[in-house]
Number of protein chains: 2
Amino acid sequence: MPTHKKKYPAPAIRLGTLLRRPYRRIRERFYEELARGGHPHITPAHSAVFRNVAPGGSRISDLAAEAGITKQSMGYLVDVLARRGYVELRPDPADGRAKLVFATKQGVTAVRHLSRQSRALEQRLRKAYGDAWVNDLRAKLERLDAFLEDTLRH
Amino acid sequence: MPTHKKKYPAPAIRLGTLLRRPYRRIRERFYEELARGGHPHITPAHSAVFRNVAPGGSRISDLAAEAGITKQSMGYLVDVLARRGYVELRPDPADGRAKLVFATKQGVTAVRHLSRQSRALEQRLRKAYGDAWVNDLRAKLERLDAFLEDTLRH
DNA sequence: TAAAATTGACAGAGTATCTGACTATATGCA
DNA sequence: TGCATATAGTCAGATACTCTGTCAATTTTA
C-alpha cells in the first residue's frame with residue numbers, strides 16, 4: 001500500500017452492490033439448504049408464486065401482477081410447481097375463465113423451510129449485534145424501499 | 001391498530017425481502033435509464049463483467065471466479081459485449097492460452113452512466129434523510145455481508 | 001345483447017445459466 | 001529434458017425463466 005496521501009479516495013461501494021451481496025448470499029444458501037431438505041427443484045423464481053399465493057387460492061393473473069411478470073411467465077412457474085406437486089389448480093367457482101392456485105401440503109412445507117431459515121438467520125444476527133441493530137437495519141431498509149418507490153417514479 | 005394484545009403478531013417481512021425489494025427497484029430503474037441513454041443491450045448480467053474488469057485487462061477465468069459463474073458463462077457474456085463493442089479481447093502476452101478483456105471507450109461510458117445514477121440516488125437519499133442515516137445504512141449492510149460470509153460457511 | 005375486457009393457454013423466441021468434452025498451452029516434477 | 005498434470009478458453013448441448021404475439025372462452029360493461 002502506498003503511504004502517501006491519496007488524491008482520490010477509494011470510491012464507495014455502490015448502494016446496489018451493498019444490497020445485492022447479502023441478498024445473493026442469503027438466497028443461494030437458503031435454496032441450497034432447501035434442496036438438501038428434500039426440495040431440490042424449488043428455485044428462487046418459484047418464490048414469486050409462493051410469496052403471494054393466498055390461503056383461499058389466487059389467480060394466475062393476480063400472481064403475475066403481484067410478482068411483476070407476465071401472465072405467461074407466471075403460468076409457466078405455476079405449471080412447473082403443479083407438476084412437482086407444490087401447488088394445485090382448481091377452477092374458480094366465481095369465474096369460468098379463471099383457475100385458482102392453492103399451495104399443497106408439500107408446498108406449505110417448502111415455504112416453512114425457507115421461513116424457518118430466515119428466522120434462524122435473524123436470531124443469529126440479533127445475538128451477534130443486538131435487537132436495536134437489527135431493528136434499525138430493518139427500519140432503514142423499509143424506509144429505503146418506500147423512498148425508492150416515491151423517487152423512482154416513471 | 002387494535003388495542004388488545006395480539007396473540008399472533010404480523011410476521012415480520014423477511015430480511016431477504018427487505019434487501020430484494022430496493023435492490024430490484026434500483027436495478028430495474030438504472031438499466032431502463034441506461035437503455036434510454038443509448039445502451040439498450042446492456043443488462044444486469046453484463047455488470048458481472050464490468051464490475052470486475054481491470055484497467056490492465058482481466059482474464060475470463062478470473063472474471064468468472066469473481067462473479068461466481070462458470071468460465072463458459074463468462075465467455076458468453078464477454079462475447080456478447082465484444083460483439084456490441086463494449087469490451088475488447090487481446091491475447092495475453094504472458095500466457096498463450098489466455099485472452100485479456102478490456103473495456104472499450106463505449107464500455108467505460110456505460111459503466112459511468114450507471115455510476116452516475118448511483119451517486120445521484122445516494123445524494124437524494126442524503127438530502128432526504130441525512131448523512132448519518134445513509135452512512136449508518138451503508139455500515140450495517142457491509143457488516144451484514146461480512147457476517148453472512150462468516151456465518152453461511154459451507 | 002353487442003362490444004370490450006379479461007383469463008389463461010399455445011407457439012415461438014431470446015437470454016443467461018449449466019455440464020461435459022475438447023484443444024492448446026503452461027507448469028512441475030522425476 | 002520430457003512426460004504428466006493443470007489451466008485457459010471454446011464447442012456442443014441442455015435447461016430455466018422470461019418475453020411477445022395470438023387466440024378461445026368467458027365475463028363485464030355500455
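A residue is near a molecule or strand if one of its heavy atoms lies within 4 Å of it. This is a predicted model, in which local features need pLDDT of at least 70 and side-chain atom pairs count only at pLDDT 80 or more, while totals for chains, interfaces and linings use all residues. Residues are numbered from 1 along each chain as its sequence is written, chains are lettered from A and ligands numbered from 1 in the order in which they are written, and side-chain values use heavy atoms, with hydrogens and water left out.

**Stop 1: DNA strand D**

Select DNA strand D and the 20 residues that surround it; Thr43(A), Ser73(A), Lys71(B), Arg97(B) and Lys99(B) are the closest. Of the strand D atoms within 4 Å of the protein, 60% are sugar or phosphate atoms and the rest belong to bases.

Next, display the polar contacts (pairs of N or O atoms within 3.5 Å; within protein, one must be able to donate a hydrogen and the other to accept it, and residues adjacent in sequence count only if both atoms are side-chain atoms). On Lys99(B), a polar side-chain atom is 2.4 Å from a phosphate oxygen of DNA strand D. Thr70(A) also places a polar side-chain atom 2.9 Å from a phosphate oxygen of this strand. At Gly96(A) the atom to pick is a polar backbone atom, 2.6 Å from a phosphate oxygen of DNA strand D.

Now colour by secondary structure; helices (H or I, at least four residues) and strands (E, at least two) are DSSP runs, numbered from the N terminus. Which helix gives the largest share of the surface near DNA strand D? It is α4(A), with four residues.

Colouring by class shows six nonpolar, eight polar and six charged residues near DNA strand D. Here Ala, Val, Leu, Ile, Met, Phe, Trp, Tyr, Cys and Pro count as nonpolar, Asp, Glu, Lys and Arg as charged, and the others, Gly among them, as polar.

**Stop 2: DNA strand C**

Move to DNA strand C, where Lys71(A), Arg97(A), Lys99(A), Thr43(B) and Ser73(B) come nearest of the 20 residues around it. Two base contacts can be picked: Lys71(A) has a polar side-chain atom 2.5 Å from a base nitrogen, and Gln72(B) has a side-chain N or O atom 2.6 Å from a base oxygen. For a phosphate contact, take Thr70(B), whose side chain has an N or O atom 3.0 Å from a phosphate oxygen of DNA strand C.

Three helices each supply at least two residues of the surface near this strand: α3 (60-67) and α4 (71-83) of chain A and α4 (71-83) of chain B. Of these, α4(B) gives the most, four residues.

**Stop 3: α1(A) against α1(B)**

Select residues 15-36 in chains A and B, which form helix α1 of each; the axes come within 9 Å and cross at roughly 135°. Axes are lines fitted to C-alpha atoms, for helices over the stretch in contact, and angles run from 0 to 180 degrees between N-to-C directions. The two α1 helices are therefore oblique to each other. Contact (heavy atoms within 4.5 Å) involves residues including Leu19(A), Tyr23(A) and Ile26(A) on one side and Leu19(B), Tyr23(B) and Ile26(B) on the other. By class, the contact residues of α1(A) with α1(B) are eight nonpolar, two polar and six charged.

**Stop 4: α5(A) against α6(A)**

Finally, select α5 (residues 105-129) and α6 (residues 131-151) of chain A, whose axes come within 6 Å and cross at roughly 125°. Angles under 35 degrees count as roughly parallel, over 145 as roughly antiparallel, 65 to 115 as roughly perpendicular and the rest as oblique, and α5(A) and α6(A) are therefore oblique. From α5(A), Glu122(A), Leu125(A), Arg126(A) and Tyr129(A) make the contact, and from α6(A), Asp131(A), Trp133(A), Val134(A), Asn135(A) and Arg138(A).
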